[in-house]
Amino acid sequence: INLTHQGPLLDSNILADVWDVDPMMGAAYVQDRFDYGDLVIDLGLRWDHWDPNTVFPALPGLVDCSITTLGSTQCREAEVQDAQTKDEIAPRLGVAHPITDDTQVRLSYGKFYQLPELQHFFSSFLTDIAASGGLSSEYGNPELDFIQTTAYEAGITHLISEDLVLDVVGYNRDR
């Protein structure tokens, strides 16, 4: 991904929010279905990968001249750090089984991972606090992690007639 952002007031460097980054993200998913007579089991596994692929100031607001995009007057000698690559594995499981010829019960479980909006990683991360007059109030956080959700679902489906089905589902999602 190529992300280029130029915030307001670039000529004064007050609240300048400038970044040009090339983060990398990827995912892979594998799923299989097992049929054991009437019992059906769906197993899945998802891998999510995030690499900010950039160097951040070790302390927000103290931008080293080797990484600035705002010019040599908008930086200082400061420590930098490589942003960490993050990986997550998310299992999924679903089970369905008939109770009668017209009724089926099902259960499912899954973990889900999502990245925060990318602006939360990169916002003002190259704005030096001295150059901005101390007015930059928001700095990106290179250490943000995936947002994790765990979901459970239970349901029962009943065939009332040939054209009518009753489906009752309960679920819970933790965040």
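Two strands are said to pair if DSSP finds at least two bridges between them, and in this predicted model strand β9 meets that condition with β10 (residues 164–174), since eleven bridges join the two in an antiparallel arrangement. One of the facing pairs along these strands consists of Thr-157 and its bridge partner in β10, Asp-167. Between β9 and β10 there are two residues, and together the strands form a hairpin.

Strand β9 (residues 147–161) is also joined to strand β8 (residues 103–114), again in an antiparallel sense, here through twelve bridges. Within that pairing, Phe-112 stands opposite Thr-149 of β9. Strand β9 is thus bridged to β8 and also to β10.

These strands belong to a chain with ten strands and one helix, whose order along the sequence is β-β-β-β-β-β-β-β-α-β-β. Of the contacts between residues at least 6 apart in sequence, 59% join residues that are at least 24 apart. Buried residues account for 34% of the 175 residues, while the accessible surface of the chain amounts to about 10700 Å², with 53% of it belonging to carbon and sulfur atoms.

As for the interior, nonpolar side chains in soluble globular proteins tend to be buried together. The largest nonpolar core of this chain has 17 residues, among which Trp-50, Leu-118, Phe-122 and Phe-125 touch the most other members. Two elements, β2 (18–21) and α1 (119–122), give two or more residues to this core. Leaving aside residues up to four places away in sequence, Phe-122 touches Leu-3, Asp-17, Trp-19, Val-21, Pro-23, Trp-50, Pro-52, Thr-54, Phe-56 and Gly-140.

Nonpolar side chains also appear at the surface, where Ile-99, Val-105, Ile-156, Ile-160, Leu-164, Leu-166 and Val-168 make a patch of about 590 Å². The elements that contribute two or more residues to this patch are β9 and β10, with the largest share, three residues, coming from β10. The patch therefore draws on the two strands that form the hairpin described above.

Why can Val-105 be counted in such a patch, rather than among the buried residues? This residue lies in strand β8 and has a relative accessible area of 32%, so Val-105 is partly exposed and passes the requirement of over 30% that applies to patch residues. Burial, by contrast, would call for a value under 20%.

Methods. Residues numbered from 1 in each chain as written. Predicted model: local features only at pLDDT ≥ 70, side-chain atom pairs only at ≥ 80, totals over all residues. Heavy atoms only, no water. Helix = DSSP H or I, 4+ residues; strand = E, 2+ residues; numbered from the N terminus. Buried < 20%, exposed > 50% of the residue type's maximum accessible area, 1.4 Å probe, protein only. Contact = heavy atoms within 4.5 Å. Areas by Shrake-Rupley, 256 points an atom, 1.4 Å probe, with all protein chains shown as cover. Core = buried A, V, L, I, M, F, W, Y, C linked by side-chain atoms within 4.5 Å. Patch = residues over 30% accessible without salt bridge, like charges linked within 9 Å, V, L, I, M, F, W, Y side chains within 5 Å. Salt bridge = Lys/Arg side-chain N within 4 Å of Asp/Glu carboxyl O.
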